[in-house]
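User: I am new to reading protein models and would like to learn how to go through one feature by feature. Could you guide me, giving the general idea before each case?

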Amino acid sequence: MMRNIEKYRNAFIDVLDLEEDDVCEDLALGVTREWDSIGHMALISEIEDVFDVSLDSEWITEFNSYLSGMELLKRLGVDFINE
């Protein structure tokens, strides 16, 4: 079974068409070339599907980096540590 951190990383790889080595904590909306507004909506959709969560508009604007996405998922009950 895939761990949550792997599912999260794979969402970035699949949606933004990144290489495994390109996924890091430095990824950010508007900074990472592939992560533009269209990529952002696709990424949100993928994360909602993969983790069976729903992000409201306020949280969508907070989700602007790799780490902020993990923080939002933690607040929604997704565990990245004890899985």
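Analyst: Let us begin with one residue, N4, which lies in helix α1; helices (H or I, at least four residues) and strands (E, at least two) are DSSP runs, numbered from the N terminus. Please keep in mind that this is a predicted model, in which local features need pLDDT of at least 70 and side-chain atom pairs count only at pLDDT 80 or more, while totals for chains, interfaces and linings use all residues. Residues are numbered from 1 along each chain as its sequence is written, and side-chain values use heavy atoms, with hydrogens and water left out.

User: Is N4 buried or exposed?

Analyst: Buried means under 20% relative accessible area, exposed means over 50%, and partly exposed is in between (1.4 Å probe, protein chains only). With a relative accessibility of 15%, N4 counts as buried.

User: Which residues is N4 in contact with, leaving aside its neighbours within four places in sequence?

Analyst: Contact means heavy atoms within 4.5 Å. By that rule, and with those sequence neighbours set aside, N4 is in contact with F51, V78, D79, F80 and E83. Another way to look at the fold is by C-alpha atoms: those of N4 and M70 are separated by 10.0 Å, although the two residues are 66 residues apart along the chain.

User: How should I read the helix α1 as a whole, and which of its residues are buried?

Analyst: One check is length, since the expected span of a helix is 1.5 Å times one less than its number of residues. For the 13 residues of α1 this should give 18 Å, and the end C-alpha atoms are 18 Å apart, which agrees. The buried residues of α1 are N4, I5, Y8, A11, F12, I13 and L16, and what covers them includes α2 and α4.

User: What is the phi of D17, the residue that follows α1?

Analyst: As a general idea, most residues other than glycine have a negative phi. D17, however, has a positive phi near 55 degrees and is a residue other than glycine; D17 lies in the loop between α1 and α2 and, at 65% relative accessibility, counts as exposed. A second case is D52, which is not a glycine and yet has a positive phi of about 55 degrees. D52 has its place in the loop between α2 and α3 (57–62), and at 72% relative accessibility D52 counts as exposed.

User: How many salt bridges does the model have?

Analyst: A salt bridge is a side-chain nitrogen of Lys or Arg within 4 Å of a carboxyl oxygen of Asp or Glu, and by this rule the count comes to four. One of them joins R9 to E20, with the closest N and O atoms 3.2 Å apart. Because R9 lies in helix α1 (residues 4–16) and E20 in the loop between α1 and α2 (37–51), the pair ties together parts that are eleven residues apart in sequence. E20 counts as partly exposed, at 47% relative accessibility.

User: What separates E71 and K74 in helix α4?

Analyst: E71 forms a salt bridge with K74, the closest N and O atoms being 3.3 Å apart. Because they are three residues apart in helix α4 (residues 66–75), E71 and K74 are separated by about one helical turn. E71 is partly exposed at 44% relative accessibility, and K74 is partly exposed with a relative accessible area of 36%.
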